[in-house]
Amino acid sequence: MGAEDDGYDLVVIGGGPTGENLADRARAGGLSVALVERELLGGECSYWACMPSKALLRPVAALADARRVAGSREAVTGPLDPAAVLARRDAFASHWHDDGQVEWLASAGIDLVRGHGRLDSERRVTVDTPGGGRRTLTARHAVAVCTGTRAALPDLPGLADARVWTSREATSAQSVPGRLAVVGGGVVAVEMATAWRALGSEVTLLVRGGRLLERTEEFAGQLVSDGLRAAGVDVRLGASVTALRREPDGTLLLDLDDGTRLPADEALFATGRRPATADLGLESVGLEPGSWIDTDDTGRATAVPAGWLYAAGDVNHRALLTHQGKYQGRIFGAAIADRAAGRPLDLAPWGRSVATADHAAVPQVVFTDPEVAAVGRTLREAEDAGLRVRAVDYDLGGVSGAALYGDDYRGRARAVVDLDREVLVGVTFTGPGVAELLHSATVAVAGEVPLSRLWHAVPAYPTVSEVWLRLLETYRG
């Protein structure tokens, strides 16, 4: 259908990677699709998260790897060039223009509707367009909400006037702050502390809890903490901000709960995410504005009758990761198309119509130095789920490929084994360059590959992946 026609089989609100993938799969399944986006097509990941943040972090890893090896470390004659790093980051963020994404959407046969979309009763979406007009879209089969999340900021005295950074400013800043305070101990906090310290900032990391990366295995957070401290980051555990203010000269003053005051040029608050649903018209369909949208494994909103409303990506709170949102988009978009066409769905675990991996095999990489790569459950999560499990650990530095990768290599691997089925339910690698090991672990966990079969998956020698053999040998004893 043309852009002027307000009737579509599917209306998607939110044009980030999740919405794009869902729209694409539904279109491939034979549906007409309108995609509504209020900002840049491509969303948070393309312009303020995955792409710019990893573009900032890749030079850090490349330089660190060069310095790990005798012979190459002598060739390193200086620090990173901030201007070059930021220029490369800008290129990976497409200089904050979405022309390429718009061209792709048109080639896929999906109509782009720019503006702020809101639900307006069953299967209806109103869009406030950039020119001040309003357009109403009706969906014959479904509406899918893919609006993601926004930074969640604490309620602190002085915060509203302090002009602090969120993840958006941290990934798009055009100059290096002399002093940067980072508040938080999660992925955004440790990655941005890594990047801006390498670019020359004096970084202080303020962590309210007693460790970093609380949702990972404990050793992973400790190794990342060690790496940050070795890089010159002042890591303060058990530290909370009680108030802050911006001085007339631009200096930020952060009051801490121990009575001290920390001066900084900028402060990044990486203190969590909230669903971007506050102004989405949820009340028109019986949902609470600003809430997460719970779904079943096919993406249907569980609290909305008739099964026409779907939610995919961060907004449903199943797994707040871009690649997991894209996965949901592929699964849910195909399920919407199949339902519309009357085709049967495959609802068995790991079937084509259900997002089983959200529960059992979510992969994530933390691009610090060392890296953390994990999939599935941690040991504690597996035990809390009632599984009879055993953790198998191995020193990554003892693997020949790791020793070749870098002198004095420090790292650790853990496999969590379900003893009743003898399959892996979780794997964590921590060490330099381990990100590319993760997909092998994801295949093993998602595929529920028996350990007896993994024994026949021979790792090439000498590579870091030989850790797979060492973990199996350790398990067998």
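Start by selecting Val417 and Leu424: valine 417 stands opposite leucine 424 in strand 21. The model on screen is a predicted one.

**Strand 20 and its two neighbours**

Widen the selection to strand 20 (412-418) and strand 21 (residues 423-431). These two strands run antiparallel and are joined by 7 bridges. Follow the chain through the hairpin between them, where there are 4 residues between the strands. Stop at glutamate 422, which takes a positive phi near 55°.

Now add strand 19 (residues 389-395), which is also antiparallel to strand 20 and is joined to it by 7 bridges. Here valine 392 stands opposite alanine 415 of strand 20. Is strand 20 enclosed or open? Of its 7 residues 6 are buried, so strand 20 is largely enclosed by the rest of the structure.

**The cavity**

Keep Val392, Ala415, Val417 and Leu424 selected, and add Leu451, Trp468, Leu471, Leu472 and Tyr475; together they line the largest cavity. This cavity has a volume of about 60 Å³, and the structure holds 1 cavity of 30 Å³ or more. Which element gives the most to the lining of the largest cavity? Select helix 15 (467-476); helix 15 supplies 4 residues, the most of any. Strand 20 also supplies at least two. Colour the lining by class and the result is 9 nonpolar residues, with no polar and no charged ones.

**The second largest pocket**

Next, select Ala64, Arg68, Gly227, Ala231 and Asp369. The second largest pocket holds about 660 Å³ of space, and of the 27 residues that line this pocket, those five are the closest to its centre. By class, the lining has 16 nonpolar, 3 polar and 8 charged residues.

Three helices to show here are helix 3 (50-67), helix 7 (187-198) and helix 8 (218-230), each of which supplies at least two lining residues. Helix 8 gives the most to this lining, with 6 residues.

**Helix 7**

Stay with helix 7 and hide the other two. Helix 7 has 12 residues and reaches 17 Å from its first C-alpha to its last, close to the 16 Å expected at 1.5 Å a residue. Select Ala189 and step along to Trp196: Ala189, Val190, Glu191, Met192, Ala193, Thr194, Ala195 and Trp196 are buried. Just after helix 7, select glycine 200, which takes a positive phi of about 120°.

**Strands 4 and 5**

Move to strand 4 (residues 116-119), which is covered on both faces. His116 and Arg118 lie on one side, Gly117 and Leu119 on the other, and all four are buried. In a regular strand the side chains alternate between the two faces of the sheet.

Add strand 5 (residues 124-128), which runs antiparallel to strand 4 and is joined to it by 4 bridges. Arginine 118 has threonine 126 of strand 5 as its bridge partner. The hairpin of these strands has 4 residues between them, and within that hairpin serine 121 takes a positive phi near 80°.

**The cysteines**

To finish, select the cysteines. How many disulfides are there? The count comes to 0. Cysteine 146 is in no disulfide, and the nearest cysteine sulfur, that of cysteine 45, is 14 Å away. Is cysteine 146 buried or exposed? Cysteine 146 is buried, with a relative accessible area of 8%. Cysteine 50 counts as partly exposed, at 22% relative accessibility.

Definitions and conventions:
Residues are numbered from 1 along each chain as its sequence is written. This is a predicted model: local features need pLDDT of at least 70, side-chain atom pairs count only at pLDDT 80 or more; totals for chains, interfaces and linings use all residues. Side-chain values use heavy atoms; hydrogens and water are left out. On a 1 Å grid over the protein atoms alone, a cavity is a set of points where a 1.4 Å probe fits but cannot get out, and a pocket is an open set with protein on both sides within 12 Å along at least five of seven lines; lining residues have an atom within 4 Å of a point. Grid points are joined across faces, edges and corners, and a volume is the space filled by probe spheres set on the points. Ala, Val, Leu, Ile, Met, Phe, Trp, Tyr, Cys and Pro count as nonpolar, Asp, Glu, Lys and Arg as charged, and the others, Gly among them, as polar. Buried means under 20% relative accessible area, exposed over 50%, partly exposed in between (1.4 Å probe, protein chains only). Two strands pair if DSSP finds at least two bridges between them. The expected span of a helix is 1.5 Å times one less than its number of residues. A disulfide is a pair of cysteine sulfur atoms within 2.5 Å.
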